[in-house]
Amino acid sequence: MSQQLLMTIAFAAPFLATTLGCAFIYLFKSFSPTLNSITLNLSSGIMLSASIFSLLLPAIENAKENQTQHFIIPIIVGLSVGILIMIATNLITSKIHSKNNKLISLFSAITLHNIPEGLIVGFAVGSAISTNTLSFSSIAVAVGIALQNIPEGLATALPIYSYTKSKTKSFLLGTLSGIVEPIFAVLGFFLTSHITLLLPWLLAFSAGTMLFVIFEELLPDSHQSKLSMLDTCCFLIGFMTMMCLDLCL
C-alpha cells in the first residue's frame with residue numbers, strides 16, 4: 001500500500017467506525033422505558049470502561065515514560081480540569097434554563113473524549129513516517145480505535161436518543177461528535193515532535209469529562225425500570241465488552 005492510502009485509512013477509519021456505530025440506532029424499532037434503561041446502562045458501562053482502559057491507564061503509562069518522579073501530576077490535574085469544565089458547563093446550561101442541559105453535557109464529554117484518540121492516531125502515523133516505518137502494522141492503533149468506535153458510536157447515539165427522541169438527531173449528533181477525530185489526527189500528525197508531553201494531560205482531561213457525565217447524567221437516568229438486577233447486569237456487560245475490546249485490540 002502507498003503511504004497516502006495508509007494515511008487516509010488511519011485518519012478516516014475511526015470516524016467512519018463511529019458513524020457506522022451511530023447508524024445502528026436505526027435497527028431499533030421502538031424504545032420502551034425498560035429498553036431505554038438497558039441502553040443507558042450498557043452505554044454507561046462502555047463509557048466507564050473506555051474512560052479507564054482507553055484514557056486513564058494510557059495516560060498513566062505515558063506520564064511514567066516521560067516523567068518518572070511526578071507522573072501523577074498530569075493525571076490529577078487533567079482529571080480535575082475535565083471535571084471542573086463539565087461542572088461549569090452544567091452551571092452555564094442550567095442558567096440558560098434549557099431542557100437540553102443533559103444532552104449538551106453528554107455531547108461535550110463524548111466529543112472531548114474523541115480528541116485525544118485523534119491525536120494518538122496522528123502521532124502514530126507521524127512517528128512511523130519520520131522513521132520510514134509506515135506500514136499496515138504501524139496504523140494498527142487506528143484500526144484498534146476504529147473497532148472500539150463501533151460499539152462506542154452506538155453507545156453515544158443511544159443515550160442521545162433518550163433525550164432527543166429522534167433517531168436522525170441521535171445519528172447526526174453522534175456522528176458529529178466523531179468528526180473531531182480526523183481533524184485532530186491531522187493536527188497530531190503535524191505536531192508529532194511536540195504532542196507526546198501533552199498526551200497524558202489530554203487523556204486524563206478526557207477521562208475526567210467522561211466520568212463526570214457517567215455519574216452525574218447517565219447512571220441517575222439509567223434506573224428507569226424497576227428491574228435493578230437487569231440494570232446492574234447491563235452495566236457490567238457494557239463494561240466488560242469494552243474492556244475486552246480495549247485490552248485485546
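A helix, as the word is used here, is a DSSP run of H or I that covers at least four residues, and helices are numbered from the N terminus. By that rule, N90 has its place in helix α3. The model shown above is a predicted one, and the paragraphs below go from the whole chain to single residues and then to the space enclosed inside.

The protein chain contains 10 helices and zero strands. Read from the N terminus, its elements follow the order α-α-α-α-α-α-α-α-α-α. Of the 249 residues in the protein chain, 51% are buried. The surface that the protein chain exposes comes to about 11700 Å², and 73% of this is supplied by carbon and sulfur atoms. Contacts also say something about how the chain is arranged. Among those between residues at least 6 apart in sequence, 86% join residues at least 24 apart.

Helix α3 gives two examples of such contacts in detail. N90, in helix α3, has a relative accessibility of 15% and therefore counts as buried, since the cut-off for buried is under 20%. Which residues does N90 touch, once residues up to four places away in sequence are not counted? They are S105, F212, E216 and E217. One of them, E216, is 126 residues from N90 in sequence, while the C-alpha atoms of the two are 10.0 Å apart in space.

The second example is G78, which also has its place in helix α3. Its relative accessibility is 4%, so G78 counts as buried. Not counting residues up to four places away in sequence, G78 touches W201, A204 and F205. The C-alpha atoms of G78 and W201 are 5.0 Å apart, although 123 residues separate the two in sequence.

The loops can be read in a similar way. F71 is placed in the loop between α2 and α3. Is F71 buried, partly exposed or exposed? F71 counts as partly exposed because its relative accessibility is 22%, and the partly exposed class lies between the 20% and 50% cut-offs. Leaving aside neighbours within four places in sequence, F71 is in contact with I60, A63 and K64. I60 is 11 residues from F71 along the chain, and 7.1 Å separates their C-alpha atoms.

A second loop, the one between α5 and α6, holds K165. With a relative accessibility of 56%, K165 counts as exposed, because exposed means over 50%. The backbone of K165 also has a feature to note: its phi is near 60 degrees, a positive value in a residue other than glycine.

The cysteines come next. How many disulfides does a search of the whole structure find? The search finds zero. C233, for instance, is in no disulfide, and the nearest cysteine sulfur, which belongs to C234, is 7.0 Å away. A disulfide needs two cysteine sulfur atoms within 2.5 Å, so this pair does not qualify. C233 has a relative accessibility of 35% and so counts as partly exposed. C22, by contrast, counts as buried because its relative accessibility is 0%.

The last topic is the space inside the structure. Rolling a probe the size of a water molecule over the atoms shows where empty space is left. The structure holds one cavity of 30 Å³ or more. About 100 Å³ of space lies in the largest cavity. What lines the largest cavity? The lining consists of 13 residues, and those nearest the centre are I110, H113, N114, E152 and T156. The helices α2, α4 and α5 each supply at least two residues of this lining. Among the contributors, α5 gives the most, with four residues. By type, the lining of the largest cavity divides into five nonpolar residues, seven polar and one charged.

Key. Residues are numbered from 1 along each chain as its sequence is written. This is a predicted model: local features need pLDDT of at least 70, side-chain atom pairs count only at pLDDT 80 or more; totals for chains, interfaces and linings use all residues. Side-chain values use heavy atoms; hydrogens and water are left out. On a 1 Å grid over the protein atoms alone, a cavity is a set of points where a 1.4 Å probe fits but cannot get out, and a pocket is an open set with protein on both sides within 12 Å along at least five of seven lines; lining residues have an atom within 4 Å of a point. Grid points are joined across faces, edges and corners, and a volume is the space filled by probe spheres set on the points. Ala, Val, Leu, Ile, Met, Phe, Trp, Tyr, Cys and Pro count as nonpolar, Asp, Glu, Lys and Arg as charged, and the others, Gly among them, as polar. Buried means under 20% relative accessible area, exposed over 50%, partly exposed in between (1.4 Å probe, protein chains only). Contact means heavy atoms within 4.5 Å. Accessible areas come from the Shrake-Rupley method with a 1.4 Å probe; for residues, only the protein chains shown count as cover.
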